[in-house]
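Student: I should like to study this structure with you, step by step. May we look at it together?

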Amino acid sequence: MKIILTRLSIGIIIFLLCMTGIVACSKFGKDKNDGTLTDETDGKGADGKGKKNTKKGNKMDQGPYIEWNATEKLADKKPEKLSIDADDAKYVPISFVCEKGKDENYNGSDGGADYESVKISVCYDTVDDPAGLKAEAEAGAIPAIMDDYNAWVDDTVKSELARAVDDWNKYRKKNPDSYINLTPHIGLYLTRSDTRVISFISSVDRYNRGFAGNDYVFHGHTYDAKSGRELSLADFFTDTDKLAELVCVAMSGNYDGSKEKPKFQTDEYKDYIKANIDGCRDDGNFAWAVDPVGVEFVIVFLQKDDDLTNKYRYRVYVPFAMCDGILRDDAYLVGYDNMTYINSDTIPILWENAVAVNKADYYDTFLVRKDGKEYLYLCNDKETVVYAKGNDSPIGRMNGVATSFSNRPYSADPDPNRFTVKMFANIVREEDLKSVAKVGDDGVPVLLEPYHLDEWNFEPFMATEDFEAEIFADENATEPEMGIVKKHTMLMFFRTDGKTYIDMWIGDESKIVRLYIGGDDEKGWTVNGHKIEDIIKLNTWIEE
């Protein structure tokens with residue numbers, strides 16, 4: 001569903017509504033290399049022992065491997081049965097808040113005449129309402145694990161601020177006339193959170209403004225959610241040789257096997273990935289986490305860009321459906337309703353009637369489980385299209401787009417009982433209207449509240465003529481009265497159902513006027529039965 005309100009040359013607004021008590025043993029920051037990019041990491045081999053790569057004819061001769069020394073062996077990790085059975089697991093919601101308050105105004109000349117000081121800030125994500133999480137009767141070790149995560153964030157914010165100040169001084173010596181604004185981001189990507197397993201990847205993202213290579217640090221964390229025991233890949237997989245092969249397939253995006261010469265499906269890459277897996281690599285350059293549908297790896301390589309060596313991250317998704325024969329017991333199973341953001345390239349593996357789905361038309365994809373049934377959500381820029389197993393055609397649509405911030409690496413997959421949806425609007429300037437929805441009993445999303453704005457930043461509309469409309473006493477009123485909107489009345493956007501109406505504030509009053517939208521592009525649009533250009537105009541000032 002898209003609402004578009006644009007200004008014509010004569011200043012007319014067109015409304016377009018397209019119908020249709022346990023302490024976990026966490027290891028944050030302990031005995032972990034910070035993953036810092038150094039000159040010594042360039043040109044190393046795949047075995048983690050610093051062997052020089054001498055192969056020619058592909059990008060491997062640029063030295064993408066990062067040297068490391070294995071300190072553990074996956075073969076020594078003994079898998080154990082999880083504390084809770086899959087059928088008994090329950091979803092545990094965890095919310096996060098992104099903060100930008102840890103700033104340091106670093107005094108000193110920043111080189112140019114227009115800048116006298118530089119602001120160094122750290123963006124970071126912490127668990128919201130940890131007290132509420134602890135009150136969850138079945139949360140097990142999750143509150144303690146999240147406490148450790150929050151403590152790690154606090155410590156890392158301080159160290160990243162100190163690092164940024166040191167880097168600022170260093171970079172300024174290289175180029176004293178440059179403006180340097182350093183803003184590292186600290187956060188996590190939560191992939192699974194239930195009473196059986198909690199899994200996420202913590203991260204530090206450093207953008208160095210071209211003075212040094214861009215830097216990333218990733219660490220994976222997966223635990224038995226009841227006991228707090230840290231899990232390894234051995235708890236989920238039995239064959240690391242086959243797993244490494246599947247990672248290379250996924251890294252190539254060759255899920256359907258159609259690529260003739262997939263870039264990463266070589267013995268060299270496979271050996272490198274297998275060495276990372278077998279050596280339990282955890283130095284900031286290799287991490288993994290599980291979700292209800294598969295396992296995600298974050299793999300960092302080096303890349304030459306002009307005079308700099310940057311880190312380049314690959315987010316690689318291996319669905320469990322690819323792993324037949326190498327999955328251990330049932331550790332990967334999830335029995336509760338869930339909504340998982342997936343790579344659209346995995347649709348041929350995860351969806352039996354994928355041939356009916358043109359994934360090129362969509363940019364966000366979710367696999368949804370509700371009451372034992374599976375659905376596929378495909379989102380474009382205006383609507384969410386819903387497929388059900390066994391159906392070649394969509395079973396329904398939602399006006400608006402289901403959203404997940406898990407495609408940014410700092411938040412969680414959505415809760416099927418309450419997830420964010422958005423609708424694109426262009427009212428003078430581009431804005432996103434937001435709402436929340438749930439997965440309905442038939443699998444199609446249901447809005448829980450109207451679309452609205454987070455902030456009041458729309459320019460006002462003006463009534464150019466008197467017109468009759470439903471008027472509510474305030475935003476909470478449910479029964480309107482018919483009234484007259486007077487000419488020159490200022491109207492401010494408030495909310496919409498994304499289908500038939502838009503509610504607007506009336507001037508400085510608390511009253512709400514409801515505008516019913518009709519028509520289409522071809523016949524023209526109407527408001528309460530009137531041509532829109534006859535009664536609504538964007539300009540604040542109306543000439544007599």
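Student: In what order do the 5 strands of the open sheet lie?

Tutor: The model is a predicted one. In this open sheet, the pairing is antiparallel. Its edge strands are β11 (338-342) and β15 (396-399), each of which pairs on one side only. The order of the strands is β11-β12-β13-β14-β15.

Student: Which residue in β13 stands opposite V368?

Tutor: Strand β12 (residues 364-370) and strand β13 (residues 373-379) run antiparallel and are joined by 7 bridges. In β13, the residue opposite V368 is Y375.

Student: Are α3 and α4 oblique or parallel to each other, and why?

Tutor: Two packed helices are described by the angle between their axes and the distance between the axes. The axes of helix α3 (residues 240-251) and helix α4 (residues 267-278) come within 9 Å and cross at roughly 125°. An angle between 115 and 145 degrees falls outside the parallel, antiparallel and perpendicular ranges. Therefore α3 is, with respect to α4, oblique.

Student: How many residues of the contact of α3 with α4 are nonpolar?

Tutor: Among the residues that make the contact are L243, A244 and V247 of α3, and I273 and I277 of α4. The contact also includes 1 polar and 5 charged residues. The number of nonpolar residues is 8.

Student: Which element of the protein chain has the highest mean pLDDT?

Tutor: The mean pLDDT of the protein chain is 77, and 74% of its residues reach 70 or more. Among the elements, strand β2 (residues 13-17) has the lowest mean, 35. The highest mean, 96, belongs to strand β8 (residues 286-290).

Key:
Residues are numbered from 1 along each chain as its sequence is written. This is a predicted model: local features need pLDDT of at least 70, side-chain atom pairs count only at pLDDT 80 or more; totals for chains, interfaces and linings use all residues. Side-chain values use heavy atoms; hydrogens and water are left out. Axes are lines fitted to C-alpha atoms, for helices over the stretch in contact, and angles run from 0 to 180 degrees between N-to-C directions. Helices (H or I, at least four residues) and strands (E, at least two) are DSSP runs, numbered from the N terminus. Angles under 35 degrees count as roughly parallel, over 145 as roughly antiparallel, 65 to 115 as roughly perpendicular and the rest as oblique. Contact means heavy atoms within 4.5 Å. Ala, Val, Leu, Ile, Met, Phe, Trp, Tyr, Cys and Pro count as nonpolar, Asp, Glu, Lys and Arg as charged, and the others, Gly among them, as polar. pLDDT is the predictor's confidence in each residue, from 0 to 100. Two strands pair if DSSP finds at least two bridges between them.
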